[in-house]
Amino acid sequence: MSTETSIYNQTPISILHPRSRIEWMILRYADQWMAFLLIFSDLISLYLAGWIAFRLRVSMGGILNPQQYIPLLFTSILFVAVFNWRNLYRPIGMGADDELRRLLISNTVVFLLLSSISFLVKSPTVFSRLMFAFAWFFSCAILPLTRMLVRYLANRFNLWGSPAAIVFSESTTIPYQKMKAIWAEQNTHGLKPVIYAQETDGTLLDSLIQAQRKYRMKYCVVFITELNDIEKLRKKYGLAIEHIIFLRYDSTGLDFSNLDVCDLGGVFGMVFHQRLLDENSRQQKRVIDLILSGLMILLLSPFLILVAIAIILD
């Protein structure tokens, strides 16, 4: 969906240009677009979880009137409001672990609130307590999975990421093509490079200013090897870009497995996750994890069945 003006071999800069006005609009309003995709993902997840819970409760012998549950569809607005309050629609600056924790806690709080209100307004014979429990359980599983799928598909079709510049200081030895390949694979963190450049390029600052005006670019990732360069580079690029993210590159020979952008009290940083195991060791670990998970499910299944029977008999 984009073309690249690659003059990296002659002058150390490479610029990506959108092919269509739609792609340009997505880049210019990337934060709003990504937030919209996450809201859409959450709404689909909540409605799907509610539908599964309703059908499962009916299959267990419950006589439920679907029309009585139609007003609950509008409670999705409450979920979106609480998720937004918990910054779950900020596509950049939240790690996967933190997002999952906030998502599950917020989802649980809203379900507890809705359950309490519904039982105060209606009797338990109108709104099934078991159906609410099922809906909460399925939503906790579906919400993070759907978000992951939406990010993957949006990245796959070049529809995810806020415009960013990737700058290599003159002392950085990281291969340009290697970093470009890593970024293409791990773009779910929310940054989409529109400029790759060496810090020695004399037109870089002008290019950053032009990209900031064209795409509303707010992020610049600068690879450095010496911490003494931070203050000088911060003053230089801070004239054009709002958020400067410094990465100290240390060539350890390990492969990168993931990139995360984190918000440290208003200051953005980036974390590289590295693969500490080779491919064979990772496969062995995966097999062991699956075996242990299966054994735990078998051991806990009698207890879970007893809990389900107790709820039905209640």
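**Helix packing and local features of the predicted model**

The axes of helix α2 and helix α6, the latter spanning residues 129–156, come within 7 Å and cross at roughly 145°. In this predicted model, the crossing by which α2 passes α6 is right-handed. Sorted by class, the residues that make up the contact of α2 with α6 comprise 18 nonpolar, five polar and four charged ones. This pair of helices belongs to a chain that contains 10 helices and eight strands. Of the 314 residues of the chain, 41% count as buried. Among the contacts in the chain with a separation of 6 or more, 70% are accounted for by residues 24 or more positions apart.

Within α6, one residue may be considered in detail. Leu143 lies in helix α6, and the residue is buried, since its relative accessible area is 1% and the cut-off for burial is under 20%. When residues up to four places away in sequence are not counted, Leu143 touches Asp42, Ser45, Leu46, Phe83, Leu103 and Asn107. For Asn107, which stands 36 residues apart from Leu143 along the chain, the C-alpha atoms of the two residues are separated by 9.1 Å.

Helix α2 also packs against a further helix. Two packed helices are described by the angle between their axes and the distance between the axes. The axes of α2, which covers residues 30–59, and of helix α4, which covers residues 76–85, come within 10 Å and cross at roughly 135°. This angle makes α2 oblique to α4, because an angle has to be over 145 degrees to count as roughly antiparallel. The crossing in which α2 passes α4 is right-handed. On the side of α2, the residues in the contact are Ile39, Asp42, Leu43, Leu46 and Tyr47, and these meet Ser76, Phe79, Val80 and Phe83 in α4. Divided by class, the residues of the contact of α2 with α4 are seven nonpolar, one polar and one charged.

Two of the α4 residues in this contact, Phe79 and Phe83, also take part in ring pairing. A pair of aromatic rings is described by the distance of the centres and the angle of the planes. The structure holds four aromatic pairs. One of them is formed by Phe79 and Phe83, whose rings lie 6.2 Å apart centre to centre with 75° between the planes, so that the pair is edge-to-face, the cut-off for this class being over 60 degrees. Both residues lie in helix α4, where they are four residues apart, about one turn of the helix. Phe79 is buried, and Phe83 is buried as well. Ring pairs join Phe79 and Phe83 with Phe111 in a cluster.

Phe83 is also among the residues touched by Ser106, which has contacts to Val82, Phe83, Arg86 and Leu88 when residues up to four places away in sequence are left aside. Ser106 is found in helix α5, which runs over residues 96–121. At 3% relative accessibility, Ser106 counts as buried.

A further helix pair involves α1 and α8. Helix α1, made up of residues 21–28, and helix α8, made up of residues 204–215, pack at an angle of about 100°, and their axes are 8 Å apart. The two helices α1 and α8 are therefore roughly perpendicular to each other, as angles from 65 to 115 degrees are assigned to this class. In this contact, Trp24, Leu27 and Arg28 of α1 meet Arg213, Lys214 and Tyr215 of α8. The residues of the contact of α1 with α8 divide into three nonpolar and three charged, with no polar residue.

Attention may finally be given to the backbone in two of the loops. Most residues other than glycine have a negative phi. In Asn87, however, phi is near 60°, a positive value in a residue other than glycine. Asn87 lies in the loop between α4 and α5, and this residue is partly exposed, because its relative accessible area is 35% and the class runs from 20% to 50%. For Asn158, phi is likewise near 60° and thus positive, in a residue other than glycine. Asn158 is found in the loop between α6 and β3, the strand of residues 162–168. With a relative accessibility of 22%, Asn158 counts as partly exposed.

Conventions. Residues are numbered from 1 along each chain as its sequence is written. This is a predicted model: local features need pLDDT of at least 70, side-chain atom pairs count only at pLDDT 80 or more; totals for chains, interfaces and linings use all residues. Side-chain values use heavy atoms; hydrogens and water are left out. Axes are lines fitted to C-alpha atoms, for helices over the stretch in contact, and angles run from 0 to 180 degrees between N-to-C directions. Angles under 35 degrees count as roughly parallel, over 145 as roughly antiparallel, 65 to 115 as roughly perpendicular and the rest as oblique. A crossing is left-handed if the near helix is turned anticlockwise from the far one by less than a right angle, and right-handed if clockwise. Contact means heavy atoms within 4.5 Å. Ala, Val, Leu, Ile, Met, Phe, Trp, Tyr, Cys and Pro count as nonpolar, Asp, Glu, Lys and Arg as charged, and the others, Gly among them, as polar. Rings of Phe, Tyr and Trp (its six-membered ring) pair if their centres lie within 6.5 Å; planes under 30 degrees apart count as stacked, over 60 as edge-to-face and the rest as tilted. Buried means under 20% relative accessible area, exposed over 50%, partly exposed in between (1.4 Å probe, protein chains only).
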